[in-house]
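Me: Hey, I've got a protein open here and I'm a bit lost. Can you walk me through it?

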Amino acid sequence: MSEEQRGKLVRRKSGPFANWLLTWTFNNKPYSEQNDVVARVLDDSLRNASEADLPVGQPVDVYFTKDNSRKLSRVWPVDAGLAERAAAAAIAERQRLEAEKAEKERQREAARQAAGEPFADAGVWKPAGRNQHFHNPYNFIPVPDGRAATDSGLGHGKPAGHHLYKSGLYSGRIAFELTTETPLIVADTARADVRENKHRIFDVLTDVDGETPILPITSFKGALRAAYEAVTLSRMAVFRAHDEKLARRMSAQQGLMQVPLRVKDDGMGFEVLLGSHDKPRLADNLPSPGVPGGLMYAAWLPRYVKGAGNPNGPAEAKNAVRCLRTNALPQHGDRVACALQRYEKLNPKTNQPIFSYWRVVKLVIGGSVDAIRFAPGRLDEFGGSHNHRPFDAGGGRGSYKFVTGHVVVTNQNIGGKHDERVFFTEHPHEVGCTHDEMKQWRGEWKTLIQSYLDANKRAMEMRLRNVPAAQRKAKLAAFLGNDINKYAYSRHLIEEGAGELKPGDLLFGRFEGGKLKALYPVMIARELGDFTPEDALARNHRPAENWHELSPADRVFGWVGQEGGDKGNRNMYRGQLRIASLDYAGHPGGEPIARFRGDGLPLAILSTPKPQQARFYLAADRAGTPPADGASADQSFYKGDAGKKTLRGRKVYPHHRATTRIDHYWDGLKAIDKPGEPLAGPDKRTYYREYIRQAGAREVRDDQNRSIRGWITPQTTFRGEIDVINLSKAELGALLWLLDLSRQLADPMAHLRLGMGKPLGFGSVSVRLTGLDLQDGEARRADYASLFKAGEGGERLKAQGEASSDAAKPLVEAYRAALSALFAGKPFDEVSVIKAFRNAACGIDDLPVHYPRATPAPDGDGKNFEWFVANNKEDRNEPGPKYALPPLWSPAGLPLPDKTASSGSGGGRR
């Protein structure tokens with residue numbers, strides 16, 4: 001890049017179609033550039049300068065630079081004050097426009113909210129002839145798009161408050177009884193036993209006597225609120241850390257479409273390194289056909305022994321190309337001069353060419369083209385192999401080229417890798433960027449690299465156990481074998497600061513319509529979606545931003561703004577409900593706690609949420625319908641228009657229905673003695689105790705799982721009371737419906753879920769009403785006015801025991817009618833949200849429930865990725881089935897894979 005020079009810039013026309021003239025003198029000779037050549041490299045401070053600072057026709061002093069090909073690369077003002085004034089003006093104008101846009105959107109949203117819009121409801125969904133072997137432990141209650149009218153019983157708006165009893169709203173006390181149906185884990189987390197390997201062991205939380213179990217009110221309130229949010233279509237109370245785009249691993253075919261790039265030396269754009277292709281190809285709607293003319297852009301640089309493990313570093317191939325002068329291996333970023341020979345890759349079955357590429361046969365670090373052109377030695381040293389041969393350029397074997405370029409080393413990050421790359425170009429081309437554009441590119445790059453680090457964090461930690469700090473980088477760069485967990489890690493996962501996009505960085509880009517659309521660190525890379533999970537969540541389910549737009553759950557249970565509060569702006573609201581008590585009431589055998597000897601029972605690994613598995617987390621429409629089985633990668637990912645898709649919903653853990661009918665399934669002592677024991681279910685299927693970590697007869701306790709020394713046994717009862725104030729009929733009816741769920745759903749196996757280990761089947765509890773003492777506002781006022789006797793007037797609901805359900809019916813019916821109205825009058829029991837909730841509460845059918853895996857029996861190492869690799873496999877000859885997670889409102893099981901995915905099928909580290 002040239003040194004900065006001074007010149008004069010003239011705006012020759014004002015308005016959106018301004019044109020420009022740049023003049024300067026060099027060696028006493030005048031030079032000039034004009035129009036688009038100048039406009040595309042102008043600093044924003046000049047582009048946005050006011051008429052006062054940059055009048056039409058009046059020259060202003062500027063600096064400018066040129067790139068290596070002598071083209072203008074940047075023009076900026078000499079007067080720093082002009083830049084500051086332009087920046088301030090641009091910020092002020094942007095803020096004004098954003099404020100106007102926000103106000104118009106607020107007004108439109110208020111009008112739509114007042115009127116309401118019918119909620120989208122899912123239709124029939126059936127899997128296309130899949131075998132059914134298991135149910136996933138989690139699923140989703142839909143969060144369909146729509147708006148409840150302000151005057152709806154389930155609408156959004158201000159809460160009623162606590163300062164007086166209001167007419168038409170109900171206050172009073174509700175009594176209920178809670179009974180455990182599967183073991184309940186309430187851990188004493190304050191007294192956890194932490195071992196050297198970070199394995200945690202928990203005791204049961206008890207009263208001071210050590211024998212009476214405690215069920216914290218907060219635990220039950222959290223479970224009750226989660227259920228209430230779902231069945232009232234309320235806003236989510238918390239939805240944090242979902243405002244960044246997620247990444248996935250692209251297919252090999254997509255990888256072939258990537259174009260080599262280098263960040264310009266001034267950091268304001270990219271050099272496009274097209275190899276031996278000319279630059280007009282770039283405007284011809286790249287990436288199609290991906291590899292123009294069948295010839296790859298970057299040259300292959302022989303480096304590794306294919307598939308050979310080496311604990312001390314990469315396994316260097318005999319034909320690895322070294323520097324002629326020093327015999328050293330070229331390193332990433334080295335500028336080199338190369339002799340290239342053209343080769344063809346053949347289809348081993350047909351012996352026909354698939355594509356061709358340039359192969360480095362000689363190399364000099366830092367040399368010139370002449371230095372390599374006249375270097376001694378033969379050029380055709382490789383000669384070819386069974387599926388690679390020199391390109392026949394019309395009667396001759398030799399098709400050679402001498403170029404300069406940059407070495408790109410990404411490490412042996414897949415099993416079959418044998419070459420690195422050299423980026424070069426014979427036809428220089430650039431993509432210039434403004435400051436704002438580069439800021440956006442840097443932000444997306446940082447997000448992408450962080451997604452790599454997040455995806456590989458656990459595996460990298462495992463590899464570095466007990467490795468001295470000085471050896472860690474080499475350990476991560478070593479190719480240890482063909483198992484997916486033994487590949488070398490890519491350079492961008494190891495190098496410090498790889499998330500910062502810097503001048504001189506070498507990377508890949510995707511072009512569409514001649515425009516740069518995305519950046520990647522490797523050829524077959526992780527790619528970001530077009531929108532974030534937050535973008536996909538319907539607005540009516542996003543957390544409330546102020547107390548004027550609270551949903552039913554916010555009003556009943558309370559609300560805290562996620563973004564904090566401004567001065568003078570209310571940021572929280574105490575709910576209209578308080579759980580007054582929740583106490584242990586007994587156990588029919590007098591043994592509410594089961595205890596386990598020694599270090600207790602090692603629980604199975606609990607999987608972390610993986611929203612990037614969009615076939616499970618993302619719906620194909622605004623009603624929550626899953627993508628179809630076999631849907632393309634783009635159809636089932638965060639691609640396209642966020643307004644046409646939505647998240648699948650609120651995550652729930654359906655009741656493990658079959659486990660309560662299998663002898664000794666919940667016998668913790670037997671589980672410890674025989675962790676891998678198969679059990680016969682009532683349907684003749686084979687089940688395993690999914691809750692214990694199994695590896696044959698070997699116990700597995702590490703930082704991936706937890707152990708418990710006991711649990712609260714089934715049939716343990718707790719009794720509680722809830723105080724409410726100023727709830728509407730629909731709000732109160734939804735609460736009573738949940739507190740009497742088994743009766744409302746006419747199924748004794750209807751449950752709420754709480755406590756630890758819900759994906760493993762723990763924490764199913766049944767709840768039933770045992771008493772009501774409720775009055776509306778008028779009745780309350782009449783009672784206070786009468787002082788010493790019951791007042792007259794208003795409505796009162798008072799009942800005990802079984803009669804409580806009958807007394808609650810009018811309120812429950814008000815809730816059912818309000819929810820039905822949200823779906824344009826669709827019957828309550830046919831709404832997909834209620835059908836999904838019913839299946840979660842009651843369990844689905846007699847299939848084992850566990851995380852996806854490749855084998856019928858559990859795996860002690862929790863290799864769930866193998867199922868997903870096999871399911872999502874992108875292969876033209878043997879593609880994966882691409883199963884979506886079935887909807888909870890129309891449940892179906894998932895199959896085991898026909899074959900365990902091969903170790904070379906993915907992993908996302910490339």
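Reply: Sure, one term to start with: a polar contact is a pair of N or O atoms within 3.5 Å, where within protein one must be able to donate a hydrogen and the other to accept it, and residues adjacent in sequence count only if both atoms are side-chain atoms. An example is the 2.7 Å polar contact between the side chains of T232 and S234.

Me: Is this from an experiment or what? What kind of model is it?

Reply: This is a predicted model, where local features need pLDDT of at least 70, side-chain atom pairs count only at pLDDT 80 or more, and totals for chains, interfaces and linings use all residues. Residues are numbered from 1 along each chain as its sequence is written, and side-chain values use heavy atoms, with hydrogens and water left out.

Me: OK, back to T232. Where does T232 lie?

Reply: T232 is in the loop between α4 (217-231) and β10 (247-249). Helices (H or I, at least four residues) and strands (E, at least two) are DSSP runs, numbered from the N terminus.

Me: Does its side chain do anything else? Which backbone oxygen does the side chain of T232 reach?

Reply: That of Y228, at 2.6 Å.

Me: And is T232 buried or exposed?

Reply: T232 counts as buried because its relative accessibility is 0%. Buried means under 20% relative accessible area, exposed over 50%, and partly exposed in between (1.4 Å probe, protein chains only).

Me: What is T232 in contact with, beyond its neighbours within four places in sequence?

Reply: L154, P552, A734 and Y815. Contact means heavy atoms within 4.5 Å.

Me: Tell me about P552 then. Which helix is P552 in?

Reply: P552 is in helix α12 (residues 552-557). P552 is buried too, with a relative accessible area of 0%. Setting aside neighbours within four places in sequence, the contacts of P552 include Y228, T232, S234 and E731.

Me: A734 came up as well. Why is helix α15 largely enclosed?

Reply: Because 9 of the 10 residues of α15 (residues 729-738) are buried, the rest of the structure largely encloses this helix. Among the buried ones are E731, A734 and W737.

Me: Switching to the big picture: how many helices and strands are in the protein chain?

Reply: The chain has 20 helices and 36 strands. Its C-alpha atoms fill a box of roughly 110 × 75 × 50 Å along the principal axes.

Me: And what percentage of the residues count as buried?

Reply: 52% of the 910 residues in the protein chain.
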